[in-house]
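Please find below some notes on this model, set out as numbered points. They go from the overall fold to single residues and side-chain pairs.

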Amino acid sequence: MFKTVVTLFRGSVAAAGEELEDRTALLILDQQMRDAAAAVERSKRTLALAIAQDQQEGRKLEATVARIADLETRAVAALDGGREDLAKEAAEAIAGLEADRDAAMTARALFATEIVRLKRHVANAQARITELDRGRRVARASEAVRSLRRSGIEAARPYESTLPEAESTLRRLRERQLEAQAADDALVELDAATGPLATAEKLAEQGFGPRLKTTADDVLARLKSKRTPTA
């Protein structure tokens, strides 16, 4: 039993997590895209730094090659002038400059490889972000449509259920009004037939006291009494 309860609890937690993730999917996607865009920006800065360093190594290489060429010209002139000592000193300097030149060339080769890789990475990441942004716009629009439909359904159902309820309420109200009117009419008729007025009228008909209700005979007699006597 305990194991079943634990399993049920874990299942409930998992279901709640999935439901929360579904409800917040767009928010999660937005944050993930912001993180991805920030990573691309860092890659761009790294690429820019690599390009700047490559350019710096290129300028160093150009300067080194120029100095080597200048020293070689001067060393040859020293040899022509019989100053082998100066030529040897120049040769040592040239050897050091050539080592710098080779290092700069190696660095530029490494930078060139890294720059190509970073450019490819940035271009690919930007393309994927662009595609994700298109998909996000579509997903946001779809979610908005779903929300409108869901709101419409939620708004329509109470509306549709209210009409029959209102019609039913009106019918019940009319029925109660008709019942009440019928009851009132029945009470009036009952009072007229059995009430004190009915009893007094019955006594009057038997000659005990004046009549309470005016009859057609009473009106006719009153009219005759108003006639002018003829000669």
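**Notes on the model**

1. Read from the N terminus, the order of elements in the protein chain is α-α-α-α-α. The secondary structure amounts to 5 helices and 0 strands. The coordinates are those of a predicted model, and the points below should be read with that in mind.

2. On confidence, the mean pLDDT of the protein chain is 76, and 63% of the residues score at least 70. The elements are not alike in this respect: helix 2 has the highest mean pLDDT, 88, and helix 1 (residues 2–23) the lowest, 58. Statements about local features are restricted to residues with pLDDT of at least 70, and side-chain atom pairs to pLDDT 80 or more.

3. On burial and surface, 13% of the 231 residues in the protein chain are buried. The exposed area of the protein chain is about 18,300 Å², of which carbon and sulfur atoms supply 59%. As for contacts between residues at least 6 apart in sequence, 69% of them join residues at least 24 apart.

4. Helix 2 deserves a separate point. It contains 56 residues, and the distance from its first C-alpha to its last is 81 Å, close to the 82 Å expected at 1.5 Å a residue. After helix 2 comes Gly 82, which has a positive phi, near 80 degrees.

5. Which residues make up the largest nonpolar core? There are 6 of them: Leu 47, Ala 50, Ala 107, Phe 111, Ile 115 and Leu 118. Two elements, helix 2 (25–80) and helix 3 (84–194), each give two or more residues to this core. The most comes from helix 3, which gives 4 residues. Within the core, Ala 50 is in contact with Phe 111, Ile 115 and Leu 118, leaving aside neighbours within four places in sequence.

6. An acidic residue should be looked at alongside that core. Asp 54 is located in helix 2. Is Asp 54 buried or exposed? Its relative accessibility is 12%, so Asp 54 counts as buried, the cut-off for buried being under 20%. Not counting residues up to four places away in sequence, Asp 54 touches Arg 108, Phe 111 and Ile 115. Phe 111 and Ile 115 are also among the residues of the largest nonpolar core.

7. Ala 78 is another buried residue of interest. This alanine belongs to helix 2, and because its relative accessible area is 13%, Ala 78 is classed as buried. What does Ala 78 contact, leaving aside its neighbours within four places in sequence? The contacts are Arg 83, Glu 84, Leu 86 and Ala 87. Ala 78 and Lys 88 are 10 residues apart along the chain, and their C-alpha atoms are separated by 9.2 Å.

8. How many salt bridges are there by the rule used here? The count comes to 10. One of them joins the side chains of Arg 136 and Asp 30, at 3.2 Å from N to O. Arg 136 lies in helix 3 and Asp 30 in helix 2, so this pair ties together parts that are 106 residues apart in sequence. Asp 30 has a relative accessibility of 11% and therefore counts as buried. Asp 30 and Arg 136 also belong to a network of salt bridges that links them with Asp 133 and Arg 137.

9. A second pair may be set beside the first for reference. Glu 41 and Lys 44 form a salt bridge through their side chains, at 3.6 Å from N to O. Both residues are in helix 2, 3 residues apart, which is about one turn of the helix. Glu 41 is partly exposed, at 39% relative accessible area, and Lys 44 is partly exposed too, at 30%.

10. A further salt bridge is formed by Asp 102 with Arg 101, their closest N and O atoms being 3.3 Å apart. Asp 102 has a relative accessible area of 37% and is therefore partly exposed. Arg 101, with 23%, is likewise partly exposed.

Methods: Residues are numbered from 1 along each chain as its sequence is written. Side-chain values use heavy atoms; hydrogens and water are left out. A nonpolar core is a set of buried Ala, Val, Leu, Ile, Met, Phe, Trp, Tyr and Cys residues joined through side-chain atoms within 4.5 Å. Buried means under 20% relative accessible area, exposed over 50%, partly exposed in between (1.4 Å probe, protein chains only). Contact means heavy atoms within 4.5 Å. The expected span of a helix is 1.5 Å times one less than its number of residues. Accessible areas come from the Shrake-Rupley method with a 1.4 Å probe; for residues, only the protein chains shown count as cover. A salt bridge is a side-chain nitrogen of Lys or Arg within 4 Å of a carboxyl oxygen of Asp or Glu. pLDDT is the predictor's confidence in each residue, from 0 to 100.
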